[in-house]
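Student: I have a model open and want to learn how to read its charges and its symmetry. Where do we start?

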Protein chains: 2
Amino acid sequence: MSTGPIRWGIISAARIARRSVGPGIHKARNGVLRAVASRSLERAREFAAELEIPRAYGPYEALLADPEIDAVYIPLPTSLHHEWVIAAARAGKHVLVDKPFAVDATEAVEMVDACRAAGVQLLEGFMYRYDPKHARLRELVADGAIGDLRQINTAFCFPITRDPANVRLSTELAGGALGDLGTYCVSVSRLHMGGEPRRLAARMTDDPEFGVDFDGNALLEFEGDRAAMVAFSFTTSRRHFLELVGTEGTLRVDRHVLAPGESTSIEIQTVGGTVTELFPPFDSYQAEVENLGDAIRGEAAPLVDGDEAIRQMRVLDAVRASARRGKWVALQS
Amino acid sequence: MSTGPIRWGIISAARIARRSVGPGIHKARNGVLRAVASRSLERAREFAAELEIPRAYGPYEALLADPEIDAVYIPLPTSLHHEWVIAAARAGKHVLVDKPFAVDATEAVEMVDACRAAGVQLLEGFMYRYDPKHARLRELVADGAIGDLRQINTAFCFPITRDPANVRLSTELAGGALGDLGTYCVSVSRLHMGGEPRRLAARMTDDPEFGVDFDGNALLEFEGDRAAMVAFSFTTSRRHFLELVGTEGTLRVDRHVLAPGESTSIEIQTVGGTVTELFPPFDSYQAEVENLGDAIRGEAAPLVDGDEAIRQMRVLDAVRASARRGKWVALQS
């Protein structure tokens with residue numbers, strides 16, 4: 001590995017790579033975007049031209065074989081994460097992989113093991129975790145701004161276009177609203193509750209045409225009899241909020257995980273009234289790229305590392321199991 | 001029974017009677033407040049003097065024996081509803097009884113049977129049902145203002161003072177947050193979903209000192225894979241809202257069941273923006289008193305009748321059963 005900036009490659013010409021993470025690598029203080037691979041060389045070349053990337057590869061393997069690539073970003077559909085994270089690790093590449101991390105926790109463990117065995121850094125692309133709003137929320141909770149945090153209420157929903165080409169709607173590619181939207185609800189609940197749920201009850205509805213889950217709710221119970229209620233949906237109108245409810249007040253954030261280029265705010269609601277803290281636009285994609293770069297240099301830990309990805313996936317597995325069985329599911333601590 | 005206005009008696013000098021329903025009877029176009037009873041004659045006399053009520057009775061039985069009383073309002077603690085609703089019915093009095101209607105559905109059925117056998121009208125005091133906001137919400141949903149209603153999100157929570165004299169905190173009197181606050185969450189969910197949940201999962205936390213439930217959540221699933229998430233609590237800061245979430249928008253009401261003397265509003269949130277409809281203060285207590293009066297005169301049906309009270313109680317029983325067993329509970333349709 002060179003001692004200059006981290007040399008990045010992108011595996012698949014997905015829209016999120018073109019719009020968000022590719023530009024994030026370009027802006028990163030410690031990275032350069034060196035290559036892109038697509039199953040179609042032509043598509044890779046178009047993408048490379050658009051983002052001014054020097055190298056375009058036809059099959060993904062060709063990019064992994066490039067010795068001048070240090071790290072790869074993998075925005076492939078979920079069902080392909082296992083194969084390509086492991087392939088990247090075996091090729092000695094550090095990995096940033098989109099959420100949801102894997103199809104299930106079994107896959108997740110194998111992926112994490114492969115990265116560990118290969119000595120490469122691994123980061124799950126939960127870019128919202130870098131957003132200063134969430135650090136501020138944790139600080140407010142820790143400082144007692146709302147007394148003791150007791151409840152979380154969060155939703156991430158938008159009506160999806162019924163486009164068969166959308167990977168989110170493919171059972172084969174492990175699409176569905178839980179992996180796409182619900183995973184954020186679960187992640188923010190775990191983050192702000194500061195631990196794992198001890199049990200949960202969930203319901204989910206599969207779309208009769210596409211077969212993937214379009215809609216769901218989960219009730220997560222945490223230590224100390226605290227609870228989170230979450231809603232995720234491809235069916236309902238747009239909802240995208242997080243409420244942290246304490247004994248003495250509520251913190252509310254709209255667009256809490258995704259507000260590219262927009263200012264956002266935290267509302268601190270207490271008996272004394274409502275105080276609003278404003279946050280300027282923040283590029284969470286750039287931040288995650290820089291974090292993996294720092295981790296590769298040994299200058300930081302990955303914020304959402306493999307063990308965290310496994311814990312998150314175990315909760316998603318439990319949500320699915322609860323919905324399928326119609327039972328509460330206990331999580332081992 | 002006279003042909004003049006309905007002659008009301010109040011059984012117990014509870015605060016809600018003094019502040020809300022007593023004045024509601026005074027204002028009602030078809031009722032007069034004729035008597036009050038308390039276990040303590042002295043307390044009944046004080047109450048009678050304060051509200052300018054001509055007759056004060058020592059034990060409750062004395063009021064029930066008064067042939068010049070047509071209807072009674074029963075704001076007793078929940079555990080006493082069964083005994084005194086049945087006693088009132090047997091004395092030939094029509095009954096307005098506070099929510100929660102009974103300790104459980106078994107009691108509720110006996111109470112309803114007793115009223116039916118005695119030929120008296122029965123109304124559960126879910127005063128919010130008279131609030132024009134809820135009729136307007138139903139109209140908006142029926143008119144497709146938010147597309148298809150898919151989800152409900154509602155909370156009713158306030159931090160309670162730990163006062164052993166508060167009947168809400170007494171296990172013996174069947175207090176607790178579910179009966180006091182959660183029952184509204186369940187009721188508004190049933191009302192706006194237009195039917196009974198087919199199954200539900202719930203969690204509740206009992207207070208270690210008082211023994212009654214202080215906190216709970218429930219996830220209710222309705223026909224058509226629609227769901228309601230509800231939170232009720234004596235522990236968290238004040239929360240009191242209802243959201244009806246559709247495929248094309250959301251209707252939001254703050255202070256949706258209790259806003260005495262205050263203006264309230266419905267926010268209609270759609271892709272086109274947010275429209276706010278304002279509602280002036282409305283006396284729901286007066287409205288329920290007038291409704292029972294009309295029912296006694298055969299001029300209207302009770303809006304929250306015995307069968308409705310039983311259905312509501314069956315759902316509350318299921319919430320308790322689910323929380324106790326840690327299982328989803330199916331409701332028979």
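Tutor: Start with a total. This is a predicted model, and it holds 60 salt bridges over all chains.

Student: What counts as a salt bridge?

Tutor: A side-chain nitrogen of Lys or Arg must be within 4 Å of a carboxyl oxygen of Asp or Glu. Take A:Arg55 and A:Glu68: their side chains meet at 2.7 Å, N to O.

Student: Which parts does the pair A:Arg55 and A:Glu68 tie together?

Tutor: A:Arg55 lies in strand β3 of chain A, and A:Glu68 sits in the loop between α3 and β4, so the bridge ties parts 13 residues apart in sequence.

Student: Are A:Arg55 and A:Glu68 buried or exposed?

Tutor: Use the cut-offs: buried is under 20% relative accessible area, exposed is over 50%, and partly exposed is in between. A:Arg55 has 24%, so it is partly exposed. A:Glu68 has 36% and is partly exposed.

Student: Which bridge has buried partners?

Tutor: Look at B:Glu308 and B:Arg129, whose side chains meet at 4.0 Å, N to O. The pair links distant parts of the chain, 179 residues apart. B:Glu308 is in helix α9 of chain B, while B:Arg129 is in the loop between β6 and α6. B:Glu308 counts as buried because its relative accessibility is 11%. B:Arg129 is buried at 16%.

Student: Where do B:Asp225 and B:Arg198 lie?

Tutor: Both are in loops of chain B: B:Asp225 between β9 and β10, B:Arg198 between α7 and β8. They are 27 residues apart, and their salt bridge is 2.5 Å, N to O. B:Asp225 is partly exposed at 26%, and B:Arg198 is partly exposed at 26%.

Student: Which residues join through shared partners?

Tutor: One network holds A:Arg198, A:Arg199, A:Glu221, A:Glu223, A:Asp225, B:Arg203 and B:Asp215.

Student: How are the two copies related?

Tutor: Superpose them. A turn of 180° and a shift of 0.0 Å along the axis lay chain A on chain B with an RMSD of 0.0 Å. The copies are therefore related as by a two-fold rotation axis.

Student: Which residue of chain A comes closest to the rotation axis?

Tutor: A:Lys327, with its C-alpha at 2.9 Å.

Student: Which residues form the patch of positive charge on the surface?

Tutor: A:Arg324, A:Arg325 and A:Lys327 gather there with B:Arg324, B:Arg325 and B:Lys327. Helix α9 of chain A and α9 of chain B are the elements that give two or more residues. A:Arg324 is in helix α9 of chain A; at 64% relative accessibility, A:Arg324 counts as exposed.

Methods:
Residues are numbered from 1 along each chain as its sequence is written. Chains are lettered from A and ligands numbered from 1 in the order in which they are written. This is a predicted model: local features need pLDDT of at least 70, side-chain atom pairs count only at pLDDT 80 or more; totals for chains, interfaces and linings use all residues. Side-chain values use heavy atoms; hydrogens and water are left out. Patches are made of residues with over 30% relative accessible area and no salt bridge: like charges are joined within 9 Å, nonpolar side chains (Val, Leu, Ile, Met, Phe, Trp, Tyr) within 5 Å. Accessible areas come from the Shrake-Rupley method with a 1.4 Å probe; for residues, only the protein chains shown count as cover. Lys and Arg count as positive and Asp and Glu as negative; His and the chain ends are not counted. The place of a charge is taken as NZ of Lys, CZ of Arg, CG of Asp or CD of Glu. Helices (H or I, at least four residues) and strands (E, at least two) are DSSP runs, numbered from the N terminus. Buried means under 20% relative accessible area, exposed over 50%, partly exposed in between (1.4 Å probe, protein chains only). Copies are superposed by least squares on the C-alpha atoms of residues with pLDDT of at least 70 in both.
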